[in-house]
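Q: I am new to this structure and would like a close look at one part of it, taken slowly and in connected steps. Please choose a single helix as the starting point and follow its surroundings outward from there.

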Amino acid sequence: MKYLLLTLPSLATLLVPFYNVAEPRLFGFPFFYWFLIVLIPLSSLVTYLVYKGEKR
Amino acid sequence: MIDHLNWAATAVFIGFFLLVTVLGFVAAHWKRGDLNDLNEWGLGGRRFGAWVSWFLIGGDLYTAYTVIAVPSVLYAVGAYGFFAVPYTIIIYPLLYLTFPRLWAVAHRKNYLTASDYVLGRYGNRWLELAVAFTGILATMPYIALQLVGMERVIEALGFEGRGLMSHLPLTVAFVILALYTYRSGLRAPAMIAFVKDIMIYIFVIAAIVVIPAKLGGYGAIFDAAGAALAKKAALSGSKAAAGLLLTPKQIVPFITLAFGSGLAVLMYPHAMTGMLSARSGNTIRINAVALPAYSVMLALIALMGYMALAVGVHVKNPQDAVPHLILSVFPDWFVGFCFAAIAIGALVPAAIMSIGAANTFTRNIWKPFIHPAMNAQEEAVIAKLMSLIVKVGALAFILFVPTKFALDLQLLGGMWMAQIFPAVIFGLYTRWFNGWALLAGWAAGMVIGTWLAWTPAAWVPVHNVFGSSFAVYNGITAFLANVLVAAVLSALLPNTARDDTRAEDYADLPDAQLAE
């Protein structure tokens, strides 16, 4: 379960044809760029949740 | 030689450089330990908590690679260079899952390097040698990349020279670095990493706020960069693919570069050094959560390649894009500050890398193969000398191996480095693989990868496999060949070699046993 959760963000980066598009833009960033940038804190959040789950 | 020197910027630059030099020497007294012991010199006594580790690991993962090499690819090619972002997304979950296990077994068995662990796990000293050799070999082009970064900013200050003279400031900077690394060991870059990170943060925040404000926002930057890239592609007769989005042919190389770099980066001796000097497995887990903060920065710094296009920076060498962007938008004194941040950002990882390679050389090549009866003091002496030799090797690399993209140096090192992944990381979970089989797999990967990468003109990072229409990162192709060979031979060969580790050695240590 922990392994599945932690691989999710990496698997998302594989979906290149899905995010290799310009629209919708966010603050002027084409989708390609802001999707990958937003994925960074999301990945960190997943790791944090797994960490909290293990601590309990 | 200095007729066109930017004096204000140079003064600030030298001021900061002197500051970190003093810090580098003072660091010998920090968390006092016996620097004649390899454990103290090379791993800081394994007493670094989450904060120091964060700065230290961040310091060696984000380097001139981030500030010079990646933006230069966005400047020259566009979206393709953004592979560095999925790459950094992949690293941390991998770190979280695997490295606490490695830390635990290394702590219990007193392993300082990946090769130590591989020897203990597989009882095969030739596999140990292969892992050590790979680490030292791959470190050299990576340090060379740092040197390229430093040289770009020194040149942008206005320093001009012919022939060997042109490398004079770089050589001076490097000698100073070598001296304080020699004296203070890992404590020097750990202490300087604080200053470096704060400087880089200031530089980056200024850049991502001030430059878009001047240019009319990120939308305008992307539009201008897109237009500039489209013009480049048109000028080349659409032979060169450049643009804000990936062309269909770039998709596979994009993602294999990301995954291949991700496999490789944690295998470098310096990454091991950074990780194993942590105080506990949990320190590593906390860092896996916190380190992505650097990745966000990396993404924003990468976009400086586009800012340079939008500002209208025209440079022949794409590595000059960021320095010239800084020159064109900031006042002189702040230019000096930013350039110092970049140069120090190259020094810290160069120091950590040379220490990592030196630890490995001493423990896994010199001691087992040349002088087995060595004590801890003698180990430290050899490691200190080796840290100098690795740096000289890297300096030679830059003087004699011309490269168009500094990034290709890192990708070359990464291709080699990924070949020890099966031995190290698979080994944390299973002892099914045979040591000789892993060695054969490693050899297959190294030969195939090097053969694919080498062309008479330059090292190339990607290659079309089996006549397919798309290119794959050599690191991935070689890695797959490596795993295939290792798996087939492991199924065939009897697996009777000694294993010094037991399943429970990989579990976290009870809190009471952790050093304060």
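A: Helices are taken here as DSSP runs of H or I with at least four residues, and strands as runs of E with at least two, both numbered from the N terminus. The model is a predicted one, and the starting point is helix H22 of chain B, which covers residues 474–492 and includes B:Ala487.

Two residues of this helix show two kinds of surroundings. A residue counts as buried if 20 or more other C-beta atoms lie within 10 Å of its own, as exposed if there are 12 or fewer, and as partly exposed in between. B:Ala487 has 18 other C-beta atoms within 10 Å and is therefore partly exposed, whereas B:Phe479, which is also found in H22 of chain B, has 25 C-beta neighbours inside 10 Å and so counts as buried. Setting aside neighbours within four places in sequence, B:Phe479 touches B:Gly260, B:Leu263, B:Ala418, B:Gln419, B:Phe421 and B:Gly445. Two separations give a sense of scale: the C-alpha atom of B:Phe479 is 43 Å from that of B:Val22, a residue 457 places away along the chain, and the C-alpha atoms of B:Ala487 and B:Pro331, 156 residues apart along the chain, are separated by 59 Å.

One step outward from H22 is helix H21 of chain B, residues 435–453, whose 19 residues reach 27 Å from the first C-alpha to the last, close to the 27 Å expected at 1.5 Å a residue. Its buried residues include B:Gly435, B:Trp442, B:Gly445, B:Met446 and B:Leu452, and the buried residues of H21(B) pack against H22 as well as helix H6 (114–122), H7, helix H19 (406–417), helix H20 (421–425) and strand S1 (462–464) of chain B.

Among those partners, H7 of chain B, residues 125–156, deserves its own look. Its 32 residues should span 46 Å at 1.5 Å a residue, and its end C-alpha atoms lie 47 Å apart, which agrees. Because 26 of the 32 residues of H7(B) are buried, this helix is largely enclosed by the rest of the structure. Just after H7(B), B:Gly158 takes a positive phi of about 110°.

The buried parts of the model also lead to its nonpolar interior. The largest nonpolar core has 204 residues, and B:Ala64, B:Met267, B:Ala302, B:Met307, B:Ala308, B:Phe339 and B:Ile342 are those with the most contacts inside it. Helix H17 of chain B, residues 332–369, supplies the largest share of this core, 21 residues. Leaving aside its neighbours within four places in sequence, B:Ala64 is in contact with residues including B:Ala69, B:Leu145, B:Val148, B:Ile342 and B:Ala346.

H17(B) also meets helix H12 of chain B, residues 269–276: the axes of the two helices come within 7 Å and cross at roughly 90°. Since an angle of 65 to 115 degrees counts as roughly perpendicular, H12(B) and H17(B) are therefore roughly perpendicular to each other. In this crossing, B:Pro269, B:His270, B:Met272, B:Thr273 and B:Gly274 of H12(B) meet residues of H17(B) that include B:Ile352, B:Met353, B:Gly356 and B:Asn359. The residues of this contact divide into 6 nonpolar, 6 polar and no charged.

Further out, chain B touches chain A, in a contact that takes 28 residues from chain B and 29 residues from chain A. On the chain B side, helices H5 (84–109), H10 (217–235), H11 (251–265), H13 (281–290) and H14 (292–302) each supply at least two residues. H5(B) gives the most to that side, with 8 residues, and the residues of that side divide into 24 nonpolar, 3 polar and 1 charged.

H5 of chain B is followed by a last detail, for B:Asn110 is found in the loop between H5 and H6 of chain B. Most residues other than glycine have a negative phi, yet B:Asn110 has a positive phi of about 55° although it is not a glycine. With 10 other C-beta atoms within 10 Å, B:Asn110 is exposed.

Terms used. Residues are numbered from 1 along each chain as its sequence is written. Chains are lettered from A and ligands numbered from 1 in the order in which they are written. This is a predicted model: local features need pLDDT of at least 70, side-chain atom pairs count only at pLDDT 80 or more; totals for chains, interfaces and linings use all residues. Two residues are in contact if their C-beta atoms, placed from the backbone, lie within 7 Å. Ala, Val, Leu, Ile, Met, Phe, Trp, Tyr, Cys and Pro count as nonpolar, Asp, Glu, Lys and Arg as charged, and the others, Gly among them, as polar. The expected span of a helix is 1.5 Å times one less than its number of residues. A nonpolar core is a set of buried Ala, Val, Leu, Ile, Met, Phe, Trp, Tyr and Cys residues joined through C-beta atoms within 7 Å. Axes are lines fitted to C-alpha atoms, for helices over the stretch in contact, and angles run from 0 to 180 degrees between N-to-C directions. Angles under 35 degrees count as roughly parallel, over 145 as roughly antiparallel, 65 to 115 as roughly perpendicular and the rest as oblique.
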